[in-house]
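Below is a note on the model you sent, set out as numbered points. Please read them with the structure open.

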Amino acid sequence: MARPACARINLQAIRHNYQCAKQLAPQAHALAIIKANAYGHGAVAVAQALQAQVDGFGVACIEEALELREAGVQGRLVLLEGIFSPDEVALADQHQLTLTVHTIEQLQWLLDAKPKQTIDVLLKIDTGMHRLGFAPAQVKEVFYALQRCSHIGQVVLMSHFASADATQASTTSEQLHCFRHATQDLSAPLSLANSAATLAWPATHGDWLRPGIMLYGADPLDQPNAASQTLQTAMQLSSAVIAVHELATGECIGYGGRFQCEQPTKVAVVAIGYGDGYPRHAQDGTPIALNGQRTRLIGRVSMDMLTLDATGMAVKVGDPVELWGETVLANEVAAWADTIAYTLFTGITSRVSRYYHG
Ligand SMILES: *Cc1c(COP(=O)(O)O)cnc(C)c1O
């Protein structure tokens with residue numbers, strides 16, 4: 001028998017979640033964001049599952065785009081960080097990639113290139129996140145330079161929000177205001193909304209949504225809303241019990257003896273650990289499901305194993321354990337490990353086999 005740690009991916013849930021994004025803004029297009037191996041779900045499999053219904057895909061870089069093209073994925077494919085050197089323009093031309101442009105250097109590489117076909121562009125504007133993008137005052141000049149260039153095709157005006165998940169904060173409205181001001185006289189499609197903005201900030205929807213985490217069923221909002229409640233969990237990370245022990249009051253479990261039994265305790269050892277991507281920082285009490293029933297992690301997570309509290313539960317070697325999925329949400333585990341579902345999903349290592357259904 002193989003080691004039981006595995007991730008089951010429900011492709012139907014991902015298609016459903018993509019449609020949720022589309023329904024929130026029926027007039028808009030939506031780029032399915034599948035960077036970082038589709039947030040750990042497998043970029044080729046996710047792209048193939050969405051291909052028939054999607055308006056386009058977004059990835060971080062050309063390496064990720066080429067993997068998809070080599071697997072036969074067609075249609076619009078956007079590089080969200082654009083290119084890293086001028087020689088990548090030829091590859092982008094050959095594979096019909098859409099490029100984000102966020103620096104003068106990238107702009108110059110594009111203008112100097114001699115592609116065979118026109119290249120579509122997302123012009124990125126820094127409206128307050130201060131990570132990537134041209135300053136608002138530069139936008140018109142860059143936009144007109146792109147428009148004058150005969151080998152540049154469509155130009156979409158784009159920005160990214162720092163705090164769209166914070167549903168009560170004013171920053172998203174301020175960034176939207178800055179964006180509108182910087183782009184007011186320019187006639188071009190607009191792209192602003194990540195998952196959180198798609199779900200919670202309708203005024204930001206524009207022409208091209210960019211949903212990422214919501215496709216995988218994790219709610220990014222600090223306060224769930226009606227739309228985020230309709231998302232379906234796409235990944236179940238699971239493994240199985242490989243040993244069961246009865247411990248007496250006062251005995252300690254695992255490295256550093258972090259958990260000390262306050263009563264006679266039944267402990268189940270599970271074949272999954274931080275070497276598989278389960279967060280080592282998960283605290284005692286982190287929810288975990290044994291035979292479909294919620295219980296808690298006890299003791300420090302090891303590289304290949306972790307331990308759960310099975311006191312009062314029927315348990316034997318081989319019983320299934322869900323680390324996250326429908327019974328225990330990835331967002332819950334993330335909160336107990338001081339992180340976010342994004343890092344849990346992308347952190348799953350190659351040792352974990354992925355199985356697809358739906
Ligand atoms: C990753 C990314 C997204 C998707 O963000 P989510 O929070 O996962 O929806 C959207 N836009 C850009 C530019 C990104 O880099």
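1. A polar contact is taken here as a pair of N or O atoms within 3.5 Å. The model is predicted, and the points below should be read with that in mind. By that cut-off K35 is in polar contact with the ligand, because an N or O atom of its side chain is 2.6 Å from a ligand oxygen.

2. Two further residues place polar atoms by ligand oxygens. The side chain of Y342 has an N or O atom 2.6 Å from an oxygen of the ligand. With I213 it is a polar backbone atom that is involved, and the separation from a ligand oxygen is 2.8 Å. On its own the ligand exposes 390 Å², and the protein buries 92% of that area.

3. On the site as a whole: the ligand sits in the largest pocket. There are 14 residues around the ligand, and K35, Y39, S195, I213 and Y342 come nearest.

4. How many salt bridges are there in the model? The count comes to ten. One of them joins the side chains of D55 and K22, with N and O 2.6 Å apart. D55 is in the loop between helix 3 (43-50) and strand 3 (56-59), whereas K22 belongs to helix 1 (residues 11-24), so this pair ties together parts 33 residues apart in sequence. K22 counts as buried, at 18% relative accessibility. D55 has a relative accessible area of 24% and is partly exposed. The two values fall on either side of the 20% limit for buried, which is why the partners are classed in two ways.

5. A second salt bridge links two loops. R258 and D284 form it, and their closest N and O atoms are 3.2 Å apart. R258 lies between strand 11 (252-253) and strand 12 (259-260), and D284 lies between strand 13 (265-270) and strand 14 (287-290); the pair therefore ties together parts 26 residues apart in sequence. R258 is partly exposed at 30% relative accessibility, and D284 is also partly exposed, at 24%.

6. A further salt bridge runs from strand to strand. R296 pairs with D309, the closest N and O atoms being 2.9 Å apart. R296 is in strand 15 (residues 293-296) and D309 in strand 16 (residues 306-309), so the pair links distant parts of the chain, 13 residues apart. Is D309 buried or exposed? D309 counts as buried, at 10% relative accessibility. R296 is partly exposed, with a relative accessible area of 33%. Elsewhere, R3, D276, D304 and R351 are joined into one network by salt bridges that share partners.

7. Backbone geometry deserves a look at two positions. H130 has a positive phi, near 60 degrees, and is not a glycine. H130 is in the loop between strand 6 (119-124) and helix 7 (139-148). With a relative accessible area of 63%, H130 is exposed.

8. N291 is the other position to view. Its phi is positive, about 50 degrees, although N291 is not a glycine. The residue is found in the loop between strand 14 and strand 15. N291 is partly exposed, its relative accessible area being 36%.

Technical notes. Residues are numbered from 1 along each chain as its sequence is written. This is a predicted model: local features need pLDDT of at least 70, side-chain atom pairs count only at pLDDT 80 or more; totals for chains, interfaces and linings use all residues. Side-chain values use heavy atoms; hydrogens and water are left out. A salt bridge is a side-chain nitrogen of Lys or Arg within 4 Å of a carboxyl oxygen of Asp or Glu. Helices (H or I, at least four residues) and strands (E, at least two) are DSSP runs, numbered from the N terminus. Buried means under 20% relative accessible area, exposed over 50%, partly exposed in between (1.4 Å probe, protein chains only). A residue is near a molecule or strand if one of its heavy atoms lies within 4 Å of it. A polar contact is a pair of N or O atoms within 3.5 Å; within protein, one must be able to donate a hydrogen and the other to accept it, and residues adjacent in sequence count only if both atoms are side-chain atoms. Accessible areas come from the Shrake-Rupley method with a 1.4 Å probe; for residues, only the protein chains shown count as cover. On a 1 Å grid over the protein atoms alone, a cavity is a set of points where a 1.4 Å probe fits but cannot get out, and a pocket is an open set with protein on both sides within 12 Å along at least five of seven lines; lining residues have an atom within 4 Å of a point. A molecule sits in a cavity or pocket if more than half of its atoms lie within 2 Å of its grid points.
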